[in-house]
Amino acid sequence: DLESHLQSCRQLSVTVLTDHQDLNNTELKTILKSTAPQQYRIKAKLRNYKPQKLYQSVKLHCSKCNSLWEVPSGDDFDSILRVSAAIAPNLELHNTSWYDSVTWTTQDQKQRKITIHFVKHDEMVQQPEDALIMIEGGTPKEIWKLTKRFKCVIPVRSTEDDLELLDLSAPFLLQGNIKYFGCKHCSTPKPVKNLSSIAAEQQPSWEPTEIAKVLGIEPLQYVFIMNFTLVDGTGTLDAYLFDY
């Protein structure tokens with residue numbers, strides 16, 4: 001794997017790190033005196049790389065404000081859901097013209113109330129593989145079970161007037177095994193009822209970009225970032241990898 005490969009590279013005396021076979025090798029001291037952008041072929045020793053754990057290389061990036069965010073942990077999501085679960089579902093927001101609602105009480109000691117809102121199309125709930133649902137009061141484990149059956153899952157909570165998204169530290173959408181997050185700087189969350197415009201389309205696709213747009217969310221993209229420290233006896237160069 002990549003991590004063991006990087007460790008073996010660091011042990012070698014010289015490693016070819018770039019692939020421009022048509023270019024002659026350039027010493028790092030020359031590169032350090034040059035102005036960007038340029039293209040070089042180098043031979044160098046990999047002295048160090050960061051982060052040491054590959055999972056730490058995955059970040060969230062906002063293309064609008066160019067900010068980088070850590071990917072929230074499962075514990076963060078659990079905490080936000082527990083706070084949200086303390087808010088009682090607003091029964092006046094159930095069974096509207098564009099979604100049907102079902103509420104039940106869990107059988108555990110806490111007897112939590114969970115509500116699922118099934119978004120309708122042409123007054124009918126779509127097939128699970130095509131459907132979007134919204135959930136109030138679930139745990140991460142319960143939500144992940146739902147993502148295996150339904151196309152899109154959006155965690156929400158009740159207000160006096162409408163359902164709303166959770167804190168943006170939580171994903172605004174879950175699809176399959178992917179969590180979609182929004183930028184805290186650039187997003188201006190809108191009421192969840194704006195989703196009714198997608199439900200009214202001839203063939204609702206429930207694409208994440210379309211969902212983000214109607215909900216006022218600037219979506220974050222997963223990026224892979226690493227920092228390599230290279231040496232060749234003439235100088236030291238930090239090389240940064242940033243890729244979607």
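P37 sits in the loop that runs between α2 (28–33) and β2 (43–50), and that's a handy place to start looking at this predicted model. The peptide bond linking A36 to P37 is cis, with omega at about 0°. Zooming out, the protein has six helices and 14 strands, and 42% of its 244 residues count as buried.

**Overall build**

- A compact globule of 244 residues would come out with a radius of gyration near 18 Å, but this protein has 24 Å.
- Taken along the principal axes, the C-alpha atoms fill a box of roughly 70 × 45 × 30 Å.
- Looking at contacts with a separation of 6 or more, 55% come from residues 24 or more positions apart.
- The accessible surface adds up to about 14300 Å², and carbon and sulfur atoms account for 50% of that.

**The annotated stretch**

- UniProt, in an unreviewed entry, puts the feature "domain: Protection of telomeres protein 1 C-terminal insertion" at residues 75–219.
- Across residues 75–219 the chain is 21% helix and 27% strand.
- The end C-alpha atoms of residues 75–219 are 21 Å apart.

**Cis peptide bonds**

- Besides the A36 to P37 bond, which is cis with omega of about 0°, have a look at K50 and P51: the peptide bond from K50 to P51 is cis as well, with omega near -10°.
- P51 belongs to the loop between β2 and β3, while P37 is in the loop between α2 and β2.

**Positive phi without glycine**

- N66 isn't a glycine, yet its phi is positive, at about 65°.
- You'll find N66 in the loop between β3 and β4 (68–70).
- N66 counts as exposed because its relative accessible area is 57%, and the cut-off for exposed is over 50%.
- N95 isn't a glycine either, and its phi is positive at about 55°.
- N95 lies in the loop between α3 (74–85) and β5 (99–105).

**A nonpolar patch on the surface**

- Four residues, V58, V71, I178 and Y222, make up a nonpolar patch on the surface.
- Together, V58, V71, I178 and Y222 offer about 260 Å² of accessible area.
- One of the patch members, V58, is part of strand β3 (residues 58–61).
- With a relative accessible area of 30%, V58 is partly exposed.

Methods
Residues are numbered from 1 along each chain as its sequence is written. This is a predicted model: local features need pLDDT of at least 70, side-chain atom pairs count only at pLDDT 80 or more; totals for chains, interfaces and linings use all residues. Side-chain values use heavy atoms; hydrogens and water are left out. UniProt positions are given in the numbering used here, feature names are shortened, and annotations may be inferred rather than shown by experiment. Helices (H or I, at least four residues) and strands (E, at least two) are DSSP runs, numbered from the N terminus. Patches are made of residues with over 30% relative accessible area and no salt bridge: like charges are joined within 9 Å, nonpolar side chains (Val, Leu, Ile, Met, Phe, Trp, Tyr) within 5 Å. Accessible areas come from the Shrake-Rupley method with a 1.4 Å probe; for residues, only the protein chains shown count as cover. A salt bridge is a side-chain nitrogen of Lys or Arg within 4 Å of a carboxyl oxygen of Asp or Glu. Buried means under 20% relative accessible area, exposed over 50%, partly exposed in between (1.4 Å probe, protein chains only). The radius of gyration is taken over C-alpha atoms; the globule rule is 2.2 Å times the number of residues to the power 0.38. Contact means heavy atoms within 4.5 Å.
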